[in-house]
Amino acid sequence: MTSSFAERRPASLVAGVRAVINKDLLLEWRSRARVNATIFFAFLTLLLFLFAVGPDTHIMAQSAAGYLWLAVLLSSVLSLGESFRMEAENAALEGLRLLPVDPKAMFLGKAIANTLFLFLLAVILVPVTVAMCGVEVQGSLMHGVAILFLGAAAISAPGTLYAAIASQVRARDVLLPLLLFPVLIPAIIGAVKATKLLFAGDPMGDLGRWTALLIFFNATYWLLCLLLFGRVVEE
Amino acid sequence: MKRAIDFGLPLLAIAGIVVGEIMGLWIAPAERHMGDVYRIIYVHVPAAWVALLSFLIAAAASFTFLFKTSWAADALAEAAGELGVLFGTVAYILGAIWGKGTWGVWWTPDPKLTAMAILVFGFAGYIALRNLTEEPERRAAWSAVVAIILAAGIPIVWFAVRWWGGLHQNQSTRDSMNVFMGATLGINVLAFTLLFVWFLRMRYRVAKAKIDEELSEPPEQELA
Amino acid sequence: MDGTIVGGWGYVIASYAIAWSLLGLYGLSVWRRSRLPPTDK
């Protein structure tokens with residue numbers, strides 16, 4: 001029985017996702033010089049914030065959570081843009097349209113890969129922030145890990161979708177942050193507030209509220225971007 | 001019928017604005033606490049309301065486009081997006097001036113103003129995307145996606161900004177409004193809405209004409 | 001009128017002026033564009 005190329009069943013969703021993740025992570029590993037550079041960029045950004053606000057340790061401690069997440073956000077512009085650069089340069093998105101890869105798999109794979117990278121970045125930055133800003137950590141480690149992960153995921157969902165758009169357009173470098181940042185504002189607010197409470201203690205019990213905001217943000221945007229991604233990479 | 005609207009709507013809008021302004025500037029009494037500065041709300045509130053309406057229209061039109069590939073919907077989304085940024089900017093500037101006049105600061109973490117600013121920036125990006133994409137199909141699909149993502153964020157933005165500004169913040173925008181002030185505000189809102197519909201129709205016409213022209217051009221040569 | 005704050009009118013005039021000039025300029029520009037033949041963007 002013959003079937004045309006396009007009629008073959010696409011790989012199952014999970015297998016497709018795993019394939020995309022593996023490919024993207026492998027590419028990042030192969031170009032780990034670039035990955036290292038991005039991590040150093042994050043450090044540098046953090047440092048610049050500290051220099052900009054001066055040596056007053058009280059202010060630095062107050063704003064540490066904010067700097068942390070801003071450093072992650074600015075670095076994400078680099079890493080998100082990178083995740084589609086290969087596709088853009090090789091016109092690989094055209095190729096992907098001919099293959100039976102479900103755009104949903106492509107989105108999930110890339111977004112998960114991006115999340116893992118940003119989570120790793122945030123984890124590395126926390127001890128640096130704590131040391132340089134003189135903060136103590138009062139909250140639970142588990143909760144901290146959860147917030148870092150939720151924040152990374154929140155950046156990655158719309159970030160992956162917008163990176164896909166931006167990679168196909170000129171002025172792609174400025175378009176990605178221009179589109180992404182307004183959408184992320186609630187998530188950044190939630191992540192910074194939660195992190196600050198984890199650093200400084202939570203006398204009024206607001207941590208749950210910010211965590212809920214992050215969870216709700218992620219639920220909304222992962223679902224929405226998953227559904228809409230097809231329109232962004234189709235012909 | 002269409003000609004009647006084409007003529008009548010601008011006239012009605014302008015008349016409404018004039019009446020509204022006269023009421024707001026002269027006939028409405030000075031407010032007890034804030035004196036005359038409060039009159040800014042007679043332009044600030046209608047502009048903000050119209051901006052929000054415009055963004056919702058843009059979102060609805062975008063949603064329609066994703067289901068039906070209607071170029072009228074795409075043109076409407078373009079028009080509404082741009083008008084939302086216009087009226088939202090006006091609302092924001094006026095809000096800042098009002099803040100300076102009443103509380104002495106150009107900006108406070110007022111949830112409404114902050115949420116509006118986020119939407120305005122978001123749709124400014126929407127406009128930038130449209131300007132940077134040349135193929136009509138892609139432009140329409142991508143900007144529709146962006147508009148829907150922005151609209152979906154509105155409730156999340158609202159709560160985030162409200163909690164961020166302080167959990168026990170009270171909204172001091174409505175102090176003591178007597179009936180006449182309320183009526184003046186209502187008339188201004190109505191007049192602004194008419195103005196908005198007038199602008200929207202014009203801007204829609206411009207957008208639709210552009211798309212029609214782009215779609216009627218001969219397609220580029222396919223690669224052999 | 002009681003309770004008038006002197007100087008409040010400056011803010012009012014400034015804001016109305018800003019608002020209406022922005023809206024007016026935009027209105028003129030879009031009105032002009034909607035009259036011209038479609039070759040003008």
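Is A:Ala171 buried, exposed or partly exposed? A:Ala171 is partly exposed, because 13 other C-beta atoms lie within 10 Å. (A residue is buried with 20 or more other C-beta atoms within 10 Å of its own, exposed with 12 or fewer, and partly exposed in between; C-beta atoms are placed from the backbone.)

## About the model

This is a predicted model, in which local features need pLDDT of at least 70 and side-chain atom pairs count only at pLDDT 80 or more, while totals for chains, interfaces and linings use all residues. Residues are numbered from 1 along each chain as its sequence is written, and chains are lettered from A and ligands numbered from 1 in the order in which they are written.

For chain B, the average pLDDT (the predictor's confidence in each residue, from 0 to 100) is 86, and 89% of the residues score at least 70. Among the elements of chain B, H2(B) has the highest mean pLDDT, at 94, and helix H1 (residues 2-27) the lowest, at 84. Where pLDDT is low, the predicted coordinates should not be read in detail.

## Two loop residues with positive phi

Most residues other than glycine have a negative phi. A:Ala171 is not a glycine, yet its phi is positive, at about 60°. You will find A:Ala171 in the loop between H6 and H7 of chain A.

Chain B offers another case: B:Thr69 has a positive phi of about 45° and is not a glycine either. B:Thr69 sits in the loop between helix H2 (41-68) and helix H3 (71-102) of chain B. B:Thr69 counts as partly exposed, because there are 13 C-beta neighbours inside 10 Å.

## Helix packing in chain A

Two packed helices are described by the angle between their axes and the distance between the axes. In chain A, helix H1 (residues 13-30) packs on helix H5 (residues 103-133) at an angle of about 45°, and the axes are 8 Å apart. Here helices (H or I, at least four residues) and strands (E, at least two) are DSSP runs, numbered from the N terminus. Axes are lines fitted to C-alpha atoms, for helices over the stretch in contact, and angles run from 0 to 180 degrees between N-to-C directions. H1(A) and H5(A) are therefore oblique to each other. (Angles under 35 degrees count as roughly parallel, over 145 as roughly antiparallel, 65 to 115 as roughly perpendicular and the rest as oblique.) The crossing of H1(A) past H5(A) is right-handed; a crossing is right-handed if the near helix is turned clockwise from the far one by less than a right angle, and left-handed if anticlockwise.

On the H1(A) side, the meeting residues include A:Val17, A:Val20 and A:Asp24, and on the H5(A) side they include A:Leu108, A:Ile112 and A:Phe117. The residues of this contact divide into 12 nonpolar, two polar and four charged. (Ala, Val, Leu, Ile, Met, Phe, Trp, Tyr, Cys and Pro count as nonpolar, Asp, Glu, Lys and Arg as charged, and the others, Gly among them, as polar.)

Helix H5 of chain A also holds A:Val130, which counts as partly exposed with 16 C-beta neighbours inside 10 Å. Leaving aside neighbours within four places in sequence, A:Val130 is in contact with A:Val135 and A:Val137; two residues are in contact if their C-beta atoms, placed from the backbone, lie within 7 Å. The C-alpha atoms of A:Val130 and A:Ala64 are 7.7 Å apart, with their positions 66 residues apart along the chain.

## Chain B and its helices

Chain B has six helices and zero strands. Of its 224 residues, 47% count as buried. Among contacts between residues at least 6 apart in sequence, 79% join residues at least 24 apart.

The axes of H2(B) and helix H5 (residues 136-164) of chain B come within 8 Å and cross at roughly 130°. That makes H2(B) oblique to H5(B). H2(B) passes H5(B) in a left-handed crossing. Among the residues making this contact are B:Phe55, B:Phe63 and B:Leu66 of H2(B) and B:Ala144 and B:Ile148 of H5(B). By class, the contact has 11 nonpolar, one polar and no charged residues.

## Where chains A and B meet

Between the two chains, 23 residues of chain A are in contact with 24 residues of chain B. Helices H6 (141-166), H7 (172-200) and H8 (207-233) of chain A each supply at least two residues of the side that touches chain B. That side of chain A has 18 nonpolar, two polar and three charged residues.
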